[in-house]
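Biologist: I have a new model open and would like to learn how to read it. Could you walk me through a few features?

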Amino acid sequence: MRVGIIGRTGMLLETARQILARGHEIAFVMTCRAEAYYEVDESHFRDLAAELGCPFYEGVNPNEHVDDIKRLGAQVCVSINWLTLLKERFLTAFPFGVLNAHAGDLPRYKGNACANWAILNFEPSIGLTVHRMTEALDSGPYILKRHFPVTDDTYITDVYAWLDKSVPEMFVEALDLLPTKDFVEQDATVRTLRTYPRKPEDGRIDWTLSRRDIIANVRASSRPFDGAFCFLNGTDTRVTVFRAAPFDIDFDYMAVPGQVCFSERGCPVVATRDGMMIIQECLIAGLSPEESGKRVVRSLRNRLT
């Protein structure tokens, strides 16, 4: 089968490699501006096209190239993280349509940063759906769906490790199924939860929230993203928090939310509105993780704000 590649991320590059290994052909490669936290950018897709000797397109308006693309004979296109909504003229240029891998449990989770929001929303699992795209956001029937179980110990890092492995596998499986398996319409009775993009500043820790909510923010903001963060004693010393956990004590206490209470094996234990939590990994610019933790717990008068 001749396949078009459109989108961004290392997951899409790996998908292209696995598609080739399965014996399919890549008819063209199309990409646009990468996000800052991506491990790959436009140049990686340009290199892929050059390696394969196929056409390469860059920009945010695929419709400009539809006539050229039709002549290339691609039967289906696979897409991950395209920057804008794809229009009908492009979506209907392929006999089997455009397949998208959506890291959300369709039709409930539609939009951006679905996996991050699912952690913040304490969902029991995160869905991954391969569906045929329509002009409407994250709509269209699906051909495959998988779920990743989420607990209070699951980090977005774990989710992305699962996505890195599962997305290419599911695309390859979907291509094999296309000639024989019918698509399944999304359940119209499910009420949609529209999730919107998150920015690095959304990881700012609000110490007046519950301990569970603060730790969920840490889990949803961790690598490959910029991390949750706060500031030391109201200064511009930024403390980036990548890992945290509840810390239960056997005594009563009174402390201000965000107050550094003591050190546990070099890690700061901090008061929240309704309990204590331990910061297992943090960074202050110019310091190692160990030095950063020691800087935070240098004084019990220290406050994280």
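Modeller: We will look at a sheet, a helix packed on it, and one cysteine. Keep in mind that this is a predicted model.

Biologist: Let's start with the sheet. In what order do the seven strands lie?

Modeller: Reading a sheet means following the strands across it. Here the order is S3-S2-S1-S4-S5-S7-S8, in an open sheet with mixed pairing.

Biologist: Which strands form the edges?

Modeller: Look for strands that pair on one side only: here they are S3, residues 56-58, and S8, residues 142-149. From one strand to the next, the twist averages 15°.

Biologist: Can we zoom in on one pair? In which sense do S1 and S2 run, parallel or antiparallel?

Modeller: Strand S1 (residues 2-7) pairs with strand S2 (residues 25-31) in the parallel sense, over five bridges. To find the register, pick a residue and look for its partner: Gly 4 has Phe 28 of S2 as its bridge partner.

Biologist: And which strands does helix H6 touch?

Modeller: H6, residues 156-177, packs on the sheet and touches S1, S4, S5, S7 and S8. The direction of H6 makes about 160° with that of S8.

Biologist: Now the cysteine. Is Cys 267 buried or exposed?

Modeller: The cut-off for buried is under 20% relative accessible area. Cys 267 has 19%, so it counts as buried. Cys 267 lies in strand S13, residues 267-271.

Biologist: Which residues does Cys 267 touch?

Modeller: Leaving out residues up to four places away in sequence, Cys 267 touches Phe 262, Ile 278, Ile 279, Gln 280 and Val 297. As for Tyr 160, its C-alpha atom and that of Cys 267 are separated by 26 Å.

Conventions: Residues numbered from 1 in each chain as written. Predicted model: local features only at pLDDT ≥ 70, side-chain atom pairs only at ≥ 80, totals over all residues. Heavy atoms only, no water. Pairing = 2+ DSSP bridges. Helix = DSSP H or I, 4+ residues; strand = E, 2+ residues; numbered from the N terminus. Axes fitted to C-alpha atoms, helices over the stretch in contact; angles between N-to-C directions. Contact = heavy atoms within 4.5 Å. Buried < 20%, exposed > 50% of the residue type's maximum accessible area, 1.4 Å probe, protein only.
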